[in-house]
Each structure stands twice: as structure tokens, then as C-alpha cells.
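Q: Hey, I've got a chain open on my screen and I'd like to talk it through. Can you help me read it?

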Amino acid sequence: MKKLIILCAISLFLISCSNLSRKNKAGAWINLFDGKSLNGWKASENPGTFKVENGSIIVEGPRAHLFYVGTVMNHDFKNFEFKARVMTMPGANSGIYFHTDYQEKGFPSKGHEVQVNNSHTDWRRTGSLYSIQDVKEVTVKDNEWFTEHIIVRGKKVTIKINDKTVVEYIEPDNVERSKDQAGRVISNGTFALQGHDPKSKVFYKEVMVRPLPY
């Protein structure tokens, strides 16, 4: 009987270690931007809006979106943590899309946008889950680096700016959107960085993702 109990205990321990190992492996942070080039990314509409200098993606120019099309998770994410270091110039507007797909023209119709905007005329400020749960307060300043952190688990979206939670949103079951927002639902897909307009200049670096278990 003692031997059986010991064997069961050892088995449970090994299973626990195996599960922990899988969780740790799944939880590793992965760089989506190599700091030197736009390898793994594809720009729409106006590719010249995006360039790389001094380890940052600089977004400046006519409307365009830079989609991640690389090999990590075959650029198809469902549950994840996403982080990027961001800096805006005065009057700039940009955004980080998730659960989206490459789209040649226009603003992406699929997925959600997390706002990057500290002083643009649009009142929806940095951290807003755009037009779904908006943030009116300015929590960070132009000309300073800050961290934008997006967490998606199931139907829940958490958005943090410099570790401060600014949005916690749970999508209702069978949610209904207006016709122009039909694609603003939690599903799966890739990420995209937004070039909003020629007067906006935004910097991104340390763009990382941590896939989470389904």
C-alpha cells in the first residue's frame, strides 16, 4: 500500500512538473520586431509611412497600417499578452490592432484597435479600446517613452499603460455591433501598427508577444 501511495505521489509530481514546463514554455516573451528591419511585417497602402531607425519603428506619413505577417504563431493569435514601448510626438495619433488580418486599403475592418493618442484632436486617449470602451484621461505625455500592454484571455481584454490598468472589458456573449463595427469582436488574428495621418509621428520599439494557453 505504501509503495502504491509513493508511486501515485511521484506520478502526480511528474505531471505537475510537466504542466509547469509547458506553461513556462508557452509563457515566454517573443520579439516581433528585430530592432533593425521590418522583416516579418507588411505595410498596406503607403509603405513609406514606416521606417526603422535607431532600434525603433518610426510611423510618419499618409494613412497606412503595418501588419505582423511573421512566423510566430503563424501570425495568428487568440489569447496573448502584447507589449510595446511607445513614444508620441505632439498632435500624433496611432493605434495597435489585434485579432486583425492584412488589409490593402483603409482602416482595418477586422479586430480591435487600442488607441495611441495623447494630444490629437480625437478625444479618445491612449489605452482606449477604440469606440468600445474609451479612455478620456491623458495618462502619459508626448515626447516620453511609455509601455502599452494588452492582455486578451477568452472574452476579456485588459489594457495597461505603464502598468496602470486603464481598460477592463468583457465582451458579452453573442454581442451585436453596428454595421460599420461588425468586425470589432474578439476572435483571432494578427497585430497591426497604425499610421493615422501625415501630421502624426509615433515611435515603437521592444514589440513583444507572449502567447497564452487557449
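Q: How much surface does the chain expose, and what share do carbon and sulfur atoms supply?
A: The chain exposes about 11300 Å², and 54% of that is supplied by carbon and sulfur atoms. Accessible areas here come from the Shrake-Rupley method with a 1.4 Å probe, and for residues only the protein chains shown count as cover.

Q: What kind of model is this, and how are residues numbered?
A: This is a predicted model, where local features need pLDDT of at least 70, side-chain atom pairs count only at pLDDT 80 or more, and totals for chains, interfaces and linings use all residues. Residues are numbered from 1 along each chain as its sequence is written, and side-chain values use heavy atoms, with hydrogens and water left out.

Q: What's the mean pLDDT of the chain?
A: The mean is 91, and 88% of the residues reach 70 or more. pLDDT is the predictor's confidence in each residue, from 0 to 100.

Q: Where does pLDDT stay under 50?
A: Over residues 4-25. For that stretch the model has 0 contacts beyond four places in sequence, a contact being heavy atoms within 4.5 Å.

Q: OK, new topic. How many helices and strands are there?
A: The chain has 1 helix and 13 strands. Along the sequence the pattern is α-β-β-β-β-β-β-β-β-β-β-β-β-β. Helices (H or I, at least four residues) and strands (E, at least two) are DSSP runs, numbered from the N terminus.

Q: Which strands make up the open sheet, and in what order?
A: The open sheet has 5 strands in the order β2-β5-β12-β7-β8, with antiparallel pairing. Its edge strands are β2 (41-43) and β8 (112-116), each of which pairs on one side only. From one strand to the next, the twist averages 20°; axes are lines fitted to C-alpha atoms (for helices over the stretch in contact), and angles run from 0 to 180 degrees between N-to-C directions.

Q: What holds strands in a sheet together?
A: Strands of a sheet pair through backbone hydrogen bonds, either parallel or antiparallel. The rule used for pairing is that DSSP finds at least two bridges between the two strands.

Q: How many bridges join β2 to β5?
A: 3 bridges join β2 to β5 (residues 64-68), and the two run antiparallel. Within that pair, Ala43 has Leu66 in β5 as its bridge partner.

Q: And which strands pair with β13?
A: β1 (residues 30-31) pairs with β13 (residues 201-211) over 2 bridges, in the antiparallel sense, and Asn31 stands opposite Met208. β4 (residues 56-60) is antiparallel to β13 too, over 4 bridges, with Glu60 partnered by Lys201. β6 (residues 80-88) is joined to β13 by 8 bridges, again antiparallel, and there Arg85 stands opposite Lys205.

Q: What do β3 and β4 form?
A: A hairpin, with 2 residues between the strands. β3 (residues 50-53) and β4 pair in the antiparallel sense over 4 bridges, and Lys51 stands opposite Ile58. In the turn, Asn54 has a positive phi of about 50°.

Q: What sign does phi have in most residues?
A: Most residues other than glycine have a negative phi.

Q: So what's phi in Asn162 and Asp163?
A: Asn162 has a positive phi of about 50°, and phi of Asp163 is near 70°, also positive. Asn162 is in the loop between β10 (156-161) and β11 (164-170), and Asp163 lies in the loop between β10 and β11 as well.

Q: Are those two buried or exposed?
A: Asn162 counts as partly exposed because its relative accessibility is 39%, while Asp163 is exposed, with 65%. Buried means under 20% relative accessible area, exposed over 50%, and partly exposed in between (1.4 Å probe, protein chains only).

Q: How about Gly127, buried or exposed?
A: Gly127 is buried, with a relative accessible area of 0%. Gly127 lies in the loop between β8 and β9 (146-153). Not counting residues up to four places away in sequence, Gly127 touches several residues, including Val135, Glu148 and Ile159. The C-alpha atoms of Gly127 and Gln115 are separated by 5.3 Å, and these residues are 12 apart along the chain.

Q: Last one: which residues touch the most other members of the largest nonpolar core?
A: Leu32, Phe80, Phe82, Phe98 and Tyr204, out of 39 residues. A nonpolar core is a set of buried Ala, Val, Leu, Ile, Met, Phe, Trp, Tyr and Cys residues joined through side-chain atoms within 4.5 Å. Leaving aside neighbours within four places in sequence, Leu32 is in contact with residues including Trp41, Tyr68 and Phe191.
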